[in-house]
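Please open the model in the viewer and keep a selection tool at hand. The tour below proceeds stop by stop, with a selection to make at each one.

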Amino acid sequence: MVLCAVRQHLLRGSRGAWARFLQRQSRGCVYSSVHGFQQEEIREKLQAFPGGSIELLTQESGLAVLTINYPSRMNAFSGSMMVDLEERVSQLEGWADGKGLIVQGASGTFCSGSDLNAVRALSNSQDGMKMCMFMQNTLTRLLRLPMISVALVEGRALGGGAELTTACDFRLMAPGSVIQFVHKHMGLVTGWGGAARLVRIVGSQNALKLLGGAVKVDPDLALQIGLAEEVLQGEGTGTPLQRAENWLSVYTKGPAPVIQAVKKVVLSGRELPLSEALRTEKDVFGTVWGGPANMQALASKSKHR
Ligand SMILES: CCCC(=O)SCCNC(=O)CCNC(=O)[C@H](O)C(C)(C)COP(=O)(O)OP(=O)(O)OC[C@H]1O[C@@H](n2cnc3c(N)ncnc32)[C@H](O)[C@@H]1OP(=O)(O)O
């Protein structure tokens with residue numbers, strides 16, 4: 001289908017459209033008008049279900065914190081929050097100095113999935129599919145951001161909230177927190193790309209167990225199956241957010257172009273066939289080879305003992 005669209009664009013000789021197509025691909029969208037997806041139409045529908053917000057705080061250090069903020073509904077995603085999230089992801093895509101991102105929920109809990117009030121109102125299958133495509137596009141772009149991302153899970157990450165955690169590179173869990181794909185209990189399956197990503201994180205056997213059993217994944221189980229990297233222990237050593245920032249700082253130390261290059265080569269290794277991933281790695285290598293950080297390291301004759 002995608003190839004078909006490419007051919008049509010070429011035949012029309014429409015350079016502008018071709019450029020836009022390439023731009024969409026590179027921005028990481030899964031769905032476009034080729035798939036019957038009209039972004040503006042669904043944005044308008046989603047805006048009809050307001051409530052809550054998605055807050056983005058960028059710091060000079062190159063670290064950003066994205067907060068899902070709707071505490072009165074356990075940070076469930078209203079329609080307008082889905083639109084907000086897409087806008088925040090666009091902002092992050094344009095952030096040249098970005099190195100790390102922490103995704104958290106407000107008031108000590110992560111996210112209880114989609115707002116059930118909006119779900120009820122959008123319960124016809126066409127609207128459901130459009131919402132699903134919108135969220136898949138946004139979460140795919142979130143995962144493909146050229147910065148290292150971490151979901152900081154406190155309290156509960158349920159349904160779409162559990163899916164959101166898989167759109168980050170890493171998950172850190174606070175003691176007592178739970179990740180649960182409750183979809184089966186709602187007569188659903190994942191729709192925001194959660195299954196596709198979960199299989200890549202924990203393998204298909206574990207993913208089948210977590211989705212098939214709607215298993216409550218506590219920090220111990222999450223560590224055991226590789227869903228979480230670490231449990232943020234340690235009363236008195238700062239807030240969970242400070243501890244997550246500390247954890248992430250090991251990986252975001254250094255110049256932004258180098259950290260972004262690291263994320264890009266790993267991302268291409270994760271997503272592309274080997275030959276393409278190798279070619280991408282060569283291109284990314286070209287962006288840092290002979291660059292300021294490389295020249296500085298050579299000049300200082302750095303040793304790695
Ligand atoms: C493809 C996406 C699929 C999905 O995400 S489907 C949605 C999956 N999520 C759910 O079903 C979560 C349902 N909620 C719950 O199980 C419980 O509310 C939850 C999160 C365990 C919290 O339990 P409690 O601590 O006892 O608190 P509570 O039930 O009194 O909740 C406090 C207020 O928050 C509301 N809330 C929680 N989750 C919500 C949601 N997803 N959509 C809309 N409202 C939600 C809840 O209704 C309550 O509001 P109110 O105080 O009664 O007005």
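Which residue in S6 does Val 150 stand opposite? Select Val 150 together with S6, and the residue facing Val 150 is seen to be Phe 170. Please bear in mind throughout that this is a predicted model.

**First stop: the sheet of six strands**

Extend the selection to strand S4, residues 148-153, and strand S6, residues 170-173. These two strands run parallel and are joined by four bridges. They belong to an open sheet of six strands, whose order is S1-S2-S3-S4-S6-S9 and whose pairing is mixed. To find the edges of this sheet, select strand S1 (53-58) and strand S9 (230-231), each of which pairs on one side only.

**Second stop: the sheet of three strands**

Next, select S5, S7 and S8, which form an open sheet in the order S5-S7-S8, again with mixed pairing. Its edge strands are S5 and strand S8 (216-217), each pairing on one side only. Between S5 and strand S7, residues 178-180, there are three bridges, and the two strands run parallel. For one pair in detail, display Arg 156, whose bridge partner in S7 is Val 178.

**Third stop: the ligand**

Now select the ligand and the shell of 18 residues that surround it. The closest of these are Ser 72, Ser 112, Ser 114, Leu 116 and Gly 160. Three backbone approaches merit a distance label. For Ser 114, a backbone N or O atom lies 2.9 Å from an oxygen atom of the ligand. At Leu 116, a polar backbone atom is 2.9 Å from a nitrogen atom of the ligand. At Gly 160, a polar backbone atom is 2.8 Å from a ligand oxygen atom.

How much of the ligand's accessible area does the protein cover? On its own the ligand has 950 Å² of accessible area, of which the protein covers 58%. Colour strand S5 (156-158) and helix H7 (160-165) to see the elements that give two or more residues to the shell. If the shell is coloured by residue class instead, it divides into seven nonpolar, seven polar and four charged residues.

**Fourth stop: Leu 210**

Move to helix H9, residues 204-212, and select Leu 210 within it. Is Leu 210 buried or exposed? Its relative accessible area is 4%, and Leu 210 is therefore buried. Beyond its neighbours within four places in sequence, Leu 210 is in contact with Phe 181, Leu 198, Val 215, Val 217, Ile 225 and Leu 227. A C-alpha to C-alpha line drawn from Leu 210 to Arg 120 spans 25 Å, the two residues being 90 apart in sequence.

**Fifth stop: Gln 260**

Select helix H12, residues 256-271, and display Gln 260 in it. Gln 260 has a relative accessible area of 12% and is buried, because the limit for that term is under 20%. Its side chain reaches the backbone oxygen of Gly 98 at 2.8 Å. Not counting residues up to four places away in sequence, Gln 260 touches Trp 95, Ala 96, Asp 97, Gly 98 and Pro 146.

**Last stop: helix H14**

Finally, select helix H14, residues 292-299. Why does this helix lie largely in the open? Of its eight residues, the number buried is zero, so H14 lies largely in the open. Just after H14, select Lys 301, which takes a positive phi of about 45°.

Key: Residues numbered from 1 in each chain as written. Predicted model: local features only at pLDDT ≥ 70, side-chain atom pairs only at ≥ 80, totals over all residues. Heavy atoms only, no water. Near = heavy atom within 4 Å. Polar contact = N/O pair within 3.5 Å; in protein donor to acceptor, adjacent residues only side chain to side chain. Areas by Shrake-Rupley, 256 points an atom, 1.4 Å probe, with all protein chains shown as cover. Nonpolar A, V, L, I, M, F, W, Y, C, P; charged D, E, K, R; others polar. Pairing = 2+ DSSP bridges. Buried < 20%, exposed > 50% of the residue type's maximum accessible area, 1.4 Å probe, protein only. Contact = heavy atoms within 4.5 Å.
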